[in-house]
Amino acid sequence: MRLDRNTGVSQPWNTREEDFPANGTQTEQLRFLVRYAVLAPSGHNTQPWLFRVRDGYLDLLADRRRALAVVDPDDRELTISCGAALGHLAVAARYFGRVLDIDTSSESVDPDPLARLRLGARAVATAEERALFAAIPRRRTTRRGYEDRPLSDGLSQACVAGAAGEGAKLTLVADAHRRERVADLVAEGDRIQFADGRFRRELAAWVRSRRSRRRDGISGEAFGLPDVLSFLGSAVVRS
């Protein structure tokens, strides 16, 4: 996780709900909620965000120093990653009984501002929002194979509806022939990318061993590599 020094957050995985400063200032409450925001997923786990808390509001900034120049030259995925952190923050705010007011047009003296956030009206979290909040510290990114079983109809429909609610469209490919065609396209894309030495070097820079103390990058565990091989992951990707 990464954050501005003014937030004073460390070890967000160990955050306890009961420590939420319910009677504290908005600044104190926003600083606490950032603990959940920084657990969001990001491209290559670069965590390309900065948060600055002051005077009752929170600025979300893009950290262009962590941009992926080869795989994400237009910073599209960087912005999506920051959006994921913002989503975590909004879920956490609802869980603790507040609506998060989001202003994407406010001016800031800081470079690369994406949004200015404040705690708005009081609210009662729904069962779905409470379930989403509970999932935040348990979320993991993995490149291992999943179980070979279809999603339930209810879950599939909920995913489509969730995307629509955010102004996006999710298309689920269930037909076996179409899935094979999509898989072929993905494989072709992989071959093109890995034929590019710049892409391999950029990816290798973010691959780390399972025993690394770094809090960013892609752990060998995400690839299913045992300890002895995870030390070689970066070299293998690079070459």
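Helix α5 covers residues 176-194, and its length checks out nicely: at 1.5 Å a residue, its 19 residues should span 27 Å, and the C-alpha atoms at its ends are indeed 27 Å apart. Please keep in mind as you look around that this is a predicted model. At the N-terminal end of α5, aspartate 175 acts as a cap, with a side-chain oxygen 3.1 Å from the backbone nitrogen of histidine 177.

**The chain as a whole**

- The protein chain holds eight helices and six strands.
- Read from the N terminus, these elements follow the order α-β-β-α-β-β-α-α-α-α-β-β-α-α.
- Of the 239 residues in the protein chain, 37% are buried.
- If you take the contacts between residues at least 6 apart in sequence, 59% of them join residues at least 24 apart.
- The protein chain has an accessible surface of about 14,700 Å², and carbon and sulfur atoms account for 51% of that surface.

**A nonpolar patch and valine 160**

- On the surface, Val160, Leu170 and Leu172 form a nonpolar patch, and together they offer about 210 Å² of accessible area.
- Valine 160 sits in helix α4, which takes in residues 153-165.
- With a relative accessible area of 33%, valine 160 counts as partly exposed, because that value falls between the 20% limit for buried and the 50% limit for exposed.

**Glutamate 129 in helix α3**

- Glutamate 129 belongs to helix α3, made up of residues 127-135.
- Its side chain comes to 2.8 Å from the backbone nitrogen of threonine 126.
- Leaving aside residues up to four places away in sequence, glutamate 129 touches Val91, Arg94 and Val124.

**Leucine 114 in strand β4**

- Leucine 114 is part of strand β4, which runs over residues 113-122.
- The relative accessibility of leucine 114 is 25%, so this residue is partly exposed; to count as buried, a residue would have to be under 20%.
- Leucine 114 and aspartate 103 are eleven residues apart along the chain, and their C-alpha atoms are separated by 8.7 Å.
- If residues up to four places away in sequence are not counted, the residues that leucine 114 touches are Leu60, Leu61, Ala62, Cys82 and Thr104.

Conventions: Residues numbered from 1 in each chain as written. Predicted model: local features only at pLDDT ≥ 70, side-chain atom pairs only at ≥ 80, totals over all residues. Heavy atoms only, no water. Helix = DSSP H or I, 4+ residues; strand = E, 2+ residues; numbered from the N terminus. Buried < 20%, exposed > 50% of the residue type's maximum accessible area, 1.4 Å probe, protein only. Contact = heavy atoms within 4.5 Å. Areas by Shrake-Rupley, 256 points an atom, 1.4 Å probe, with all protein chains shown as cover. Patch = residues over 30% accessible without salt bridge, like charges linked within 9 Å, V, L, I, M, F, W, Y side chains within 5 Å. Salt bridge = Lys/Arg side-chain N within 4 Å of Asp/Glu carboxyl O. Expected span 1.5 Å × (residues − 1). Polar contact = N/O pair within 3.5 Å; in protein donor to acceptor, adjacent residues only side chain to side chain.
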